[in-house]
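Subject: Handover of a structure

Dear colleague,

Please find the structure below, together with its sequence. My notes on what was found in it follow directly after.

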Amino acid sequence: MTAPPPPAEPPTPPAPTPPAPTDPPTTSRPGTSAPLSPDPALSWSAPTASPRPVVSFGEPEVGYRERSWPRIPARIAAVAGSVVLGLGLIGGAVTGSWLIGDSGDEGGGDTFAEAGALWHSVPVDQLFPPTVDGQGAGPGGADRTWTRIAVAPDSGCTDAFDPLLRKALAPVGCDRLLRATYTDATQSYVTTIGLMFTDADATTMRNLDNRFGKEGLDTRTDLMPLPYAAKNTLAADFGAKQRASWTISVLTDAPVVAYAVSGWADGRTVDSPVPAEQAMVSGDTSPTAQAGLGYEARGLADRVERALRKTVTSPSEKSS
């Protein structure tokens, strides 16, 4: 029996003919007949000379912030901060002239005379505040806080200085001496601050200041001021042998000699006292410098001087 023939395959339909290409639509610029095609430079995928800006709806990228805020104001802010910090650390006549706006010349005689009368017209808490804030006054810019633990009765200067220092200060005379002793926040150190009001005029004060500077009298260990050791306080054992660091400033815009002397609160003796300026130098390895006692003396003296000058320039704060 013969097999039937296989069925014939259906014919393959012809492939459709693609439509003829047409030109893209064009537009014309209003008022002209020339066609206008889309500008490829306006496309997000088009290459550009500079990277596409980063867009964020949250915190801007660091690079974006730097481009948005110019660097000049930041430099100005840094310089301004350095100036403020510098003013906080500079004591003596230079700081006084800046804060009061007076060079100490005879033209500022009214202010000079007012400062000389403060010892009997201003409350003790205004000249020696119960608490003194010393922001940035410690080593490395650390903050300090001092608490007053004793105030000496106002007195003369006979028993307040070693004989050689008393002789060095004799040209300006001693009208009155005010003293107070403070301790730091840890109660590890004690510091006596003194304000000696003199009988001198501005010229005599400048002459003494020049002598201290030229002869280095403020760095001699035989010209240190004495501390005020108040009984029944942390400073009870703060005597001549306990002096570790000190500073003396002969003011030229007020008839005042300001000083501070610091030591340990535990009454330990010090064989080699170090002037505050030297104890504050980086790299000084003396126990006094390592403990920061130069900063204690200089920082507290500077802020009491500033309080004195503020009182002179703020009559409304004075009271009899």
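The accessible surface of the chain comes to about 18,800 Å², and carbon and sulfur atoms account for 57% of that area. Please bear in mind that this is a predicted model. The chain has 320 residues, of which 40% count as buried. Its secondary structure consists of ten helices and nine strands. Among contacts with a separation of 6 or more, 68% join residues that are 24 or more positions apart.

A word on confidence comes next. The mean pLDDT of the chain is 74, with 64% of the residues reaching 70 or more. Residues 21-108 have a pLDDT below 50, and beyond near neighbours in sequence this stretch has 63 contacts in the model. Residues 316-320 also stay under 50, and the model has eleven contacts for them beyond four places in sequence.

I turn now to the nonpolar cores. In general, nonpolar side chains of soluble globular proteins tend to be buried together. The largest nonpolar core of this chain has 27 residues, and the members that touch the most others are Phe161, Leu169, Met196 and Phe212. Two or more residues each are contributed by α6, β6 (189-197), α7 (202-215), β7 (245-250) and β8. Helix α7 supplies the largest share, four residues. There is also a second, separate core of 25 residues, which includes Ala137, Phe197, Ala258 and Leu308.

Phenylalanine 161 deserves a closer look. With a relative accessible area of 4%, this residue is buried. Not counting residues up to four places away in sequence, phenylalanine 161 touches Arg166, Leu169, Leu177, Met196, Pro225, Leu226 and Tyr259.

How many aromatic pairs does the structure hold? There is one. The ring centres of phenylalanine 161 and tyrosine 259 are 5.5 Å apart and the ring planes stand at 70°, so the pair is edge-to-face; the angle required for that class is over 60 degrees. The two partners come from distant parts of the chain, 98 residues apart: phenylalanine 161 lies in the loop between β4 (144-151) and α6 (163-169), whereas tyrosine 259 belongs to strand β8 (residues 256-264). Tyrosine 259 is buried, with a relative accessible area of 1%.

Proline 255 is found in the loop between β7 and β8. Is this proline buried or exposed? Proline 255 is buried, its relative accessible area being 4%. Methionine 196 is 59 residues from proline 255 in sequence, while their C-alpha atoms are 8.3 Å apart in space. Leaving aside neighbours within four places in sequence, proline 255 is in contact with Phe112, Ala115, Gly116, Met196, Phe197, Thr198, Ala200 and Met205.

The last residue in these notes is threonine 183, located in strand β5 (residues 176-184). Threonine 183 has a relative accessible area of 3% and is therefore buried, since the cut-off for that class is under 20%. What does the side chain of threonine 183 reach at 2.8 Å? The partner is the backbone oxygen of tyrosine 189. Beyond neighbours within four places in sequence, the contacts of threonine 183 are Thr145, Trp146, Thr147, Ile149, Ser188, Tyr189, Val190 and Leu234.

With kind regards

Notes
Residues numbered from 1 in each chain as written. Predicted model: local features only at pLDDT ≥ 70, side-chain atom pairs only at ≥ 80, totals over all residues. Heavy atoms only, no water. Phe/Tyr/Trp six-rings, centres within 6.5 Å; stacked < 30°, edge-to-face > 60°. Buried < 20%, exposed > 50% of the residue type's maximum accessible area, 1.4 Å probe, protein only. Polar contact = N/O pair within 3.5 Å; in protein donor to acceptor, adjacent residues only side chain to side chain. Contact = heavy atoms within 4.5 Å. Areas by Shrake-Rupley, 256 points an atom, 1.4 Å probe, with all protein chains shown as cover. Core = buried A, V, L, I, M, F, W, Y, C linked by side-chain atoms within 4.5 Å. pLDDT = per-residue confidence, 0-100.
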